[in-house]
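User: Hello! I'm new to this structure and would like to get to know how its helices and core fit together. Could you walk me through it?

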Amino acid sequence: QQQQQQQRQQQQQPTPLSPTSQHAGEFEWAAQGPAKAADTAMLQVEEAAAARARELLRSIARRRFLERRNAELLTEDDMRAVFQALATHNSAPYLVPRRHVATDDAAEDPARQTSGRINYDDFCNACEELPAHLTHFFTANEFAKFRRDEWGRISTQLFFRYVCRLTSMNQSRIQLSAYDVQRDGYLREHDLENYIYELIPSLDALAELQENFYPFYVFTAVRKFFFFLDPRHTSRIAIKDLVSSPILHELLQLHSFSPGDPHDEAEAYNWFSAPSTLRVYSQYLELDVDHNGMLSRSELAGYGTGTLTTAFIDRVFEECLTYDGEMDYKTFLDFALAMETKVSPQALAFFFRLLDVRKLGYLDRFTINFFFREIVQRLRELDGGSGAEVVRGDDVTDEIFDMCKPRYPGRITLADLVRCGVGHTIVTMLTDLSGFWAYDNREHLIAEEAREERESQGL
């Protein structure tokens with residue numbers, strides 16, 4: 001029985017492999033390994049080449065599509081034809097009686113041009129005289145977009161401006177879409193920088209701008225777009241927002257400016273003009289006392305009249321992007337834009353983020369007193385330390401709440417600051433000593449200006 005049991009156990013055990021059969025699978029895998037690795041590498045190379053080919057094909061197709069769309073835009077001859085059609089088909093009644101017209105030529109009839117208005121019937125007649133590619137402007141929907149007078153007429157001047165504006169917007173959309181690298185309808189900061197850099201030579205007002213200043217000009221221009229059109233700091237701007245924004249229109253206005261024209265007042269107030277960008281950059285260089293290319297807290301304190309409070313400057317460096325505790329030129333541009341456009345909602349949002357020390361989403365009496373106490377202290381120092389009560393902080397706090405009229409008493413939100421219409425005044429009162437002094441003495445300053453004006457007129 002023991003022998004039979006041992007035989008059964010031996011039958012159940014697996015038969016050991018010979019050395020050759022035991023390693024045959026390993027030898028076979030080793031022989032096939034280099035071939036499979038080579039096939040995998042070749043497949044990856046082919047896939048990468050195919051991806052590059054698809055990307056190149058998409059780029060070529062997109063470029064040809066944009067070129068085709070650009071060719072469909074109205075030319076100067078087309079705009080002249082639209083203007084002539086509108087002028088020819090002015091509708092009665094005319095401002096100048098037709099009996100005083102010396103010529104019968106409708107195209108040169110001054111009476112028809114003095115009306116400046118057109119009804120729907122003449123609007124359709126003008127459409128029939130235009131080429132087919134211009135008739136999409138002369139539809140009932142387009143006519144209904146304009147206000148009509150008691151004779152059912154619309155202004156031909158406003159309609160022609162509308163056509164010009166629409167053509168300009170379409171042209172801008174096509175040009176901006178060419179810089180949309182990711183083809184998602186958005187431009188990143190680098191995309192917008194490339195667009196403006198290549199646009200500079202075509203702007204007449206920048207003809208005298210030196211080429212070594214181009215990078216700083218591009219930084220200055222791009223920051224305004226992102227300051228106003230990217231409030232959530234997503235680092236991208238939708239092309240449709242760019243096209244419809246007044247900021248792009250302000251930039252493209254440089255086409256109509258003459259370089260160095262001292263009589264062009266609009267250029268002086270244009271952020272993108274050469275004098276404006278040079279002014280901002282020179283201001284940055286003047287503040288940079290140690291000439292290290294960055295601004296410290298003490299250097300930024302010299303901005304403007306040099307009367308910004310220390311608490312406000314500290315909050316700027318706490319909330320804004322800095323490098324080793326110092327501010328670079330791009331961050332300074334955001335600060336300068338906020339200081340120069342305090343009335344705008346974007347600037348008020350910038351200041352509200354600095355004033356909201358405790359991140360509560362609103363400004364209370366504690367926050368207002370936190371910023372205003374330095375104003376009180378510096379006013380006492382200017383008064384010679386006589387100990388007299390120059391201004392009471394509680395009175396100013398009550399006045400601020402009365403000015404703002406917040407929805408919830410004792411809590412000023414950003415919406416309250418924007419809605420009240422005097423948010424820029426409140427920000428100035430809390431952050432700038434000179435600004436508060438000018439507000440506190442506004443009645444005296446107004447009377448002084450009126451007296452000086454009367455003296456200048458010899459009254």
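User: Is the crossing of H9 and H10 left-handed or right-handed?

Analyst: Happy to help, and please keep in mind that this is a predicted model. Helix H9 covers residues 189–199 and helix H10 covers residues 214–229, and their axes lie 9 Å apart. The two pack at an angle of about 125°, and the crossing of H9 and H10 is right-handed.

User: Does that angle make H9 oblique or perpendicular to H10?

Analyst: The angle between H9 and H10 is about 125°. Angles from 65 to 115 degrees count as roughly perpendicular and those over 145 as roughly antiparallel, with the rest above 35 being oblique. Therefore H9 is, relative to H10, oblique.

User: How many nonpolar residues does the contact of H9 with H10 have?

Analyst: From H9, the contact is made by Glu189, Leu192, Glu193, Ile196 and Tyr197. H10 brings in Tyr214, Tyr217, Val218, Phe219, Ala221, Val222, Arg223, Phe225 and Phe226. Sorted by class, there are no polar residues and three charged ones, while the nonpolar residues number 11.

User: Which helix gives the largest share of the largest nonpolar core?

Analyst: That core has 87 residues, and those with the most contacts inside it are Tyr195, Ile196, Tyr217, Phe225, Leu251 and Phe332. Ile196, for example, touches Tyr217, Val218, Ala221, Val222, Phe225 and Leu251, leaving out residues up to four places away in sequence. The largest share of the core is nine residues, and the helix they come from is H10.

User: How many residues are in the other core that lies apart from it?

Analyst: This other core lies apart from the largest one. Among its members are Ala85, Leu86, Ala126 and Phe160, and its residue count is 19.

User: Is Asp334 buried or exposed?

Analyst: Asp334 sits in helix H17, residues 329–340. Apart from neighbours within four places in sequence, Asp334 is in contact with Arg223 and Phe227. Its relative accessibility is 18%, and since the cut-off is under 20%, Asp334 counts as buried.

User: How many polar residues does the contact of H18 with H22 have?

Analyst: Helix H18 (residues 345–355) and helix H22 (residues 423–431) cross at roughly 40°, their axes coming within 11 Å, and this crossing is left-handed. Leu348, Phe351 and Leu355 of H18 meet Gly423, His424, Val427, Leu430 and Thr431 of H22. By class, five residues are nonpolar and none are charged, and the number of polar residues is three.

Methods:
Residues are numbered from 1 along each chain as its sequence is written. This is a predicted model: local features need pLDDT of at least 70, side-chain atom pairs count only at pLDDT 80 or more; totals for chains, interfaces and linings use all residues. Side-chain values use heavy atoms; hydrogens and water are left out. Axes are lines fitted to C-alpha atoms, for helices over the stretch in contact, and angles run from 0 to 180 degrees between N-to-C directions. Helices (H or I, at least four residues) and strands (E, at least two) are DSSP runs, numbered from the N terminus. A crossing is left-handed if the near helix is turned anticlockwise from the far one by less than a right angle, and right-handed if clockwise. Contact means heavy atoms within 4.5 Å. Ala, Val, Leu, Ile, Met, Phe, Trp, Tyr, Cys and Pro count as nonpolar, Asp, Glu, Lys and Arg as charged, and the others, Gly among them, as polar. A nonpolar core is a set of buried Ala, Val, Leu, Ile, Met, Phe, Trp, Tyr and Cys residues joined through side-chain atoms within 4.5 Å. Buried means under 20% relative accessible area, exposed over 50%, partly exposed in between (1.4 Å probe, protein chains only).
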